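This report covers a pair of packed helices and a pocket. Please look over the structure below before reading on.

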Amino acid sequence: MDDKSSQLIDVGQLRRGLFIQLDLGWMDHPFPRGSFKITSSNQIRTIRALGLTQVRYFPDRSDPEEPPSDFGGLSSSGDVRSEDAVQDRLQAEARALQAQRHQQLATQQANLQHCEQRFGEVVQLYQRVVEELPARPVAMREQCEALVARCVAEILVDGEATIRLLSEGTGESQATHPANTMVLALLLGRALGLPAHGLTELGIAALLHDLGKQQLPARLRMRDERYTPEDMAIYRSHVRESVKTGRRMGLSAWALQAIGQHHEMADGSGFPAGVQGEDMSTGGKVLALVNRYDRLCNPPPLAQAQALTPHEALALTFARHKACFDAEVLGAFIRMMGVYPPGSVVQLANERYALVVSVNSTRPLKPRVLVHDPAVPPDQALILDLESVPEQGIRRSLKPAQLPASARAYLAPVSRVRCFYEHQVPARPAVAV
């Protein structure tokens, strides 16, 4: 922010409508950011309680002056002890707000760490399955059942399980796609009302749906439009191989059917059997959708330039490939993901740039976002729940390349989207936006 356009004014001159900047460290005040427009007398009292005598204000960003009004000012002729008591109370309130902010940040970081750890457990198990399955197929199935059952128990806890964006993974892991598919399938299955045992079967099918690719030559394990007809036939055989592997592990008929249909399409354009929607199982319908969505966001490394943002992938699926998916399943998926799924880069109504980190399925236009604010270090930035800020919203979706360099470095949008689930804590009202 350009200091040349600002002026220093006495705190006694503060009023609603002034855009101010607190020349304090982030930890030294309780507001979400150091520069904001004053909207209430409570904010004025809190600023005075910080012990400041002057603050920096920006005339060009402030509202025109209102008729004189006392917004809680202190009388110079009043009782000194009474004024001291008021100041002590306000300072105590400011310290409490600061402590609350510290606690929110600690909780936010702990929740992300927990999600990262749980996602890592899924990835590690899948890698172990690939390595040990030939010798221990039944034992690997039992380990998968235990992990998925634990995930289902967590998802079914009372309260909304939201989708949480994770930080960029190191390297490209063959287990990232199965882990993403499992998480999305479980959350979509919950949205569709599947019971616990159905969710467990769905989660196992989602996690293991691509195991048959281990039987293919390495160069044919990722779909490529440049494949010859012979290459494509070999690639498509991974569905059959996945079902065969699932039988060796002792998977249920329900899970095997879902695996066998994860490339089928409701309009009959899928493979290997070209079945249509009415002949597809619930598990097959779910896997076909989440598998396709994740591949749009996370294509093979050689096709990374074709990766879509989560917002683009969802919009494309609905606008151009709607007929490929079951209408009920697709509708539930769109409600679950929100208009701006985790990983979407957006510009807010106040022109700030932000990264969507989680979604609220009951308010699809009001996700939780990380906002670019140069006054706050990225690792100390609180996630803003747009539901708690009725006057704020998203103006448009962007590609990461459209961000200014400073915003791109701050928000660090991921090139490969990884998600897990978390139980969202109800939002507290925001102090300033």
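## Helix packing and the largest pocket

In this predicted model, helix H5, which spans residues 196-208, packs against H8 at an angle of about 45 degrees, and the two axes are 10 Å apart. An angle between 35 and 65 degrees is neither roughly parallel nor roughly perpendicular, so H5 and H8 count as oblique to each other. The crossing of H5 past H8 is right-handed.

On the H5 side, the residues in this contact are Leu-202, Ala-205 and Ala-206; they meet Gly-283, Val-286 and Leu-287 of H8. Sorted by class, the contact of H5 with H8 holds 5 nonpolar residues and 1 polar residue, with no charged residues.

H8 also takes part in the largest pocket, giving 5 residues to the lining, the largest share. The volume of this pocket is about 1000 Å³. Its lining is made up of 38 residues, and those nearest the centre are Arg-223, Asp-224, Glu-225, Arg-292 and Pro-300. Two or more lining residues come from each of helix H6 (229-249), helix H8 (282-297) and helix H9 (310-320).

The table sets out the classes of residue in the two places.

| Place | Nonpolar | Polar | Charged |
|---|---|---|---|
| Lining of the largest pocket | 18 residues | 8 residues | 12 residues |
| Contact of H5 with H8 | 5 residues | 1 residue | no residues |

Charged residues are thus absent from the contact of H5 with H8, while the lining of the largest pocket has 12 of them.

How values were computed. Residues are numbered from 1 along each chain as its sequence is written. This is a predicted model: local features need pLDDT of at least 70, side-chain atom pairs count only at pLDDT 80 or more; totals for chains, interfaces and linings use all residues. Side-chain values use heavy atoms; hydrogens and water are left out. On a 1 Å grid over the protein atoms alone, a cavity is a set of points where a 1.4 Å probe fits but cannot get out, and a pocket is an open set with protein on both sides within 12 Å along at least five of seven lines; lining residues have an atom within 4 Å of a point. Grid points are joined across faces, edges and corners, and a volume is the space filled by probe spheres set on the points. Helices (H or I, at least four residues) and strands (E, at least two) are DSSP runs, numbered from the N terminus. Ala, Val, Leu, Ile, Met, Phe, Trp, Tyr, Cys and Pro count as nonpolar, Asp, Glu, Lys and Arg as charged, and the others, Gly among them, as polar. Axes are lines fitted to C-alpha atoms, for helices over the stretch in contact, and angles run from 0 to 180 degrees between N-to-C directions. Angles under 35 degrees count as roughly parallel, over 145 as roughly antiparallel, 65 to 115 as roughly perpendicular and the rest as oblique. A crossing is left-handed if the near helix is turned anticlockwise from the far one by less than a right angle, and right-handed if clockwise. Contact means heavy atoms within 4.5 Å.
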